[in-house]
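Visitor: I would like to learn how to read local features in a model. Could you take me through a few of them?

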Amino acid sequence: MNKKTICVLPFNTLSIGGLGAQRLCCNANNGGLSGSDRPIPVGNRTDTKWLEGVALDRIRKSMLAGEKIKECDRCWSLEDIGSDSYRMMNNTYRFPDRFDKIIAGDVSLGIERIEIDVGNKCNLACRMCHPGSSSLLAQELANDLPNAYDTFHNIQSFVKSESWIQSSKFFDVVRENARTLKSVYIIGGEPLIIEEQEQLLDLLIELDIAKNIELSYNTNITTLGRKWYDKWDKFKSVAVNASIDGVEEYYEYVRWPAKWEKIYENLKELKRWGVEHQGRHRVAIDSTLSNLTMPSIVSATDLLVRDLGFSIFYINVDHPGCMSPWVLPASVRATSASAAIDHITTNYKENYNLMNTVKTLEKVLTSAEPSDTIKSEFIKRMKFMDKNRKQNLLSVHPWFEEWYNAY
C-alpha cells in the first residue's frame with residue numbers, strides 16, 4: 001500500500017461539524033464529505049454506526065488504491081512544501097500502531113478518536129470566521145444581511161445556538177465505543193461556554209474512561225476557572241490550545257470584542273496551570289496566519305514564545321481566500337515575510353514548528369499580486385465589520401489605504 005496517500009482518520013475517527021454534519025476530519029476541505037453521497041446530519045440518524053456509509057467507504061478505497069484525494073488538499077499542499085500535515089501528525093505521532101495495521105492490510109473500523117465542534121455558540125466574532133462557527137458573527141450578519149460581505153443562506157440557522165448533540169444519538173455512540181476511545185478533540189464555537197461540552201466531560205468521567213483519554217481543546221480562553229481545571233485533572237492528559245491571533249491591537253482587531261489585557265492575564269494563568277502539571281497536561285497556542293496577522297508575526301512570536309514560554313503553531317488562513325497571508329500589498333508582503341524569516345531563523349532555529357512556518361513565509365514571498373476580485377472581497381468584509389464594531393482597518397493596518405479607497 002502507498003503510505004503517502006493513507007491516513008488513519010477515515011478508519012478510526014468520528015468527526016462532526018458545528019451543525020451536526022459529519023466530516024472526513026476537522027482539517028478536510030469543506031469537511032471532506034460534501035459530495036452527493038455525504039451522510040445525512042447526525043441529528044437525523046437513527047443508527048449509531050457513524051463510521052459506516054457510502055462517502056467514507058469511497059474515500060477509504062481511494063486512499064488504499066494510492067489516490068491523493070482532493071478532499072485532503074490542505075495536507076497535500078503542506079507536504080508539497082516539506083511541512084508536516086495533519087495526516088502525517090496522526091499517522092506518525094497519534095496513531096502509529098493503527099497506521100501500521102492499515103499498511104499491513106487490517107482495514108477494520110473502530111472509533112479511537114472523536115473530534116467535534118460542539119456547536120457554534122461563541123462570544124467572539126473573529127474576522128476570518130464563518131457564522132457556522134460563531135453565533136455572535138451570525139447575529140451581526142443577520143442584523144444587516146443586505147449589506148453583508150457574502151451571501152449566506154438560512155442565516156437564522158446559524159443564529160440559534162442549540163447544539164446538534166441535543167437532537168442526536170451522540171452520547172449513545174460514545175457509550176458504545178467507550179472501550180476503544182483514546183482521544184477526544186473539542187472545538188466550537190467556544191466550547192467552554194457550551195453546556196453539551198461539559199455534559200460530555202461528565203459522561204466520560206462517569207463511564208470511568210476519562211483516565212484513558214487524551215483530551216484536547218481549541219478555546220479562545222475568555223472563560224477559564226477552577227471548575228475546568230478540576231474536571232480536566234481526571235483525564236489521562238489535557239492539551240489546551242489557546243486561539244490567539246496577533247497581540248495587542250492586532251489581536252483586538254481580529255478577535256472582536258475580546259480585550260488583549262484580559263487575554264494576556266488569562267494566558268499567564270493558563271501558563272501557570274500548565275507548569276504545575278508539566279509532563280501530563282500541555283498548554284500551547286494556535287494562531288491563524290492571515291493578512292491581518294502577518295505584519296505582526298515577529299512581535300507576536302517574541303511575546304508568546306520568548307516572553308511567556310508557549311509553543312506556537314501558526315495555521316494558514318486559506319478560507320476565506322481573501323484573508324490568506326499573501327493577500328497584502330507587495331511591499332508589505334515582502335518586508336513582513338522577509339523580516340519574519342530572518343527573525344525566526346536567527347532566534348528560533350531549534351523551534352520545529354516555527355521553522356515549518358518559515359516554509360509558508362517563503363511561499364508568501366513568491367506569491368503573485370492578488371486579483372482585484374480578492375482585494376475587493378477583503379475590503380468589503382473589513383468595511384462591513386468596521387461599521388458594526390466601530391473599528392477601522394487603517395488605524396491598525398495603514399498599508400491597506402490604497403485598496404481601501406479603491407474598493
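Guide: Start with one loop residue. His319 sits in the loop between β8 (311-316) and α14 (330-347). Keep in mind that this is a predicted model.

Visitor: Is His319 buried or exposed?

Guide: Relative accessible area decides, and exposed means over 50%. His319 has 58%, so it is exposed.

Visitor: Which residues does His319 touch, not counting residues up to four places away in sequence?

Guide: Arg74 and Met128. Look at Arg74 again. His319 and Arg74 are 245 residues apart in sequence, yet their C-alpha atoms are 11 Å apart in space.

Visitor: Now Ser296. Where is it, and is it buried or exposed?

Guide: Ser296 is in the loop between β7 (282-289) and α13 (297-307). Buried means under 20% relative accessible area. Ser296 has 1%, so it is buried. Beyond its neighbours within four places in sequence, Ser296 is in contact with Gly246 and Tyr250.

Visitor: Next, the backbone. Which residues does a cis peptide bond join?

Guide: Read omega. Gly188 and Gly189 are joined by a cis peptide bond with omega of about 25°. Gly189 belongs to the loop between β4 (183-187) and α9 (195-206). The peptide bond from Trp256 to Pro257 is also cis, and its omega is near 0°. Pro257 is in the loop between α11 (248-254) and α12 (260-276).

Visitor: What should I look for in phi?

Guide: Look for positive values in residues other than glycine. Asn154 has a phi of about 55°. Asn154 lies in the loop between α6 and α7 (155-159), and is exposed at 62% relative accessible area. Asp208 has a positive phi too, near 65°. Its loop runs between α9 and β5 (214-219). Asp208 is partly exposed, at 46% relative accessibility.

Visitor: How do I read a helix pair? At what angle do α6 and α16 cross?

Guide: Take the axes, then the angle. The axes of α6 (residues 135-143) and α16 (residues 372-389) cross at roughly 90° and come within 11 Å. So α6 is roughly perpendicular to α16.

Visitor: Which residues of α6 and α16 meet?

Guide: From α6, Leu137, Glu140 and Leu141. From α16, Phe384, Met385, Asn388 and Arg389. The residues of this contact divide into 4 nonpolar, 1 polar and 2 charged.

Visitor: On to empty space. How many cavities of 30 Å³ or more does the structure hold?

Guide: There is 1. The largest cavity has about 90 Å³ of space. It is lined by 14 residues, and Cys7, Leu24, Cys25, Cys72 and Cys75 are the closest to its centre. The elements that give two or more residues to the lining are α1 (9-12), α3 (73-80) and α4 (86-94).

Visitor: How do the residues of that cavity lining divide?

Guide: Into 10 nonpolar, 1 polar and 3 charged.

Visitor: And what is the volume of the second largest pocket?

Guide: About 300 Å³. The second largest pocket has 18 lining residues. Nearest its centre are Arg98, Lys101, Gly110, Glu112 and Lys182. Helix α5 (residues 96-103) gives the largest share of the lining, 4 residues.

Visitor: Does the same kind of breakdown exist for the pocket lining? How do its residues divide?

Guide: The lining of the second largest pocket has 5 nonpolar, 4 polar and 9 charged residues.

Note on methods: Residues numbered from 1 in each chain as written. Predicted model: local features only at pLDDT ≥ 70, side-chain atom pairs only at ≥ 80, totals over all residues. Heavy atoms only, no water. 1 Å grid on protein atoms, 1.4 Å probe; cavity = no way out; pocket = protein on both sides within 12 Å on 5 of 7 lines; lining within 4 Å. Points joined across faces, edges and corners; volume = space filled by probe spheres on them. Nonpolar A, V, L, I, M, F, W, Y, C, P; charged D, E, K, R; others polar. Axes fitted to C-alpha atoms, helices over the stretch in contact; angles between N-to-C directions. Parallel < 35°, antiparallel > 145°, perpendicular 65-115°, else oblique. Contact = heavy atoms within 4.5 Å. Buried < 20%, exposed > 50% of the residue type's maximum accessible area, 1.4 Å probe, protein only.
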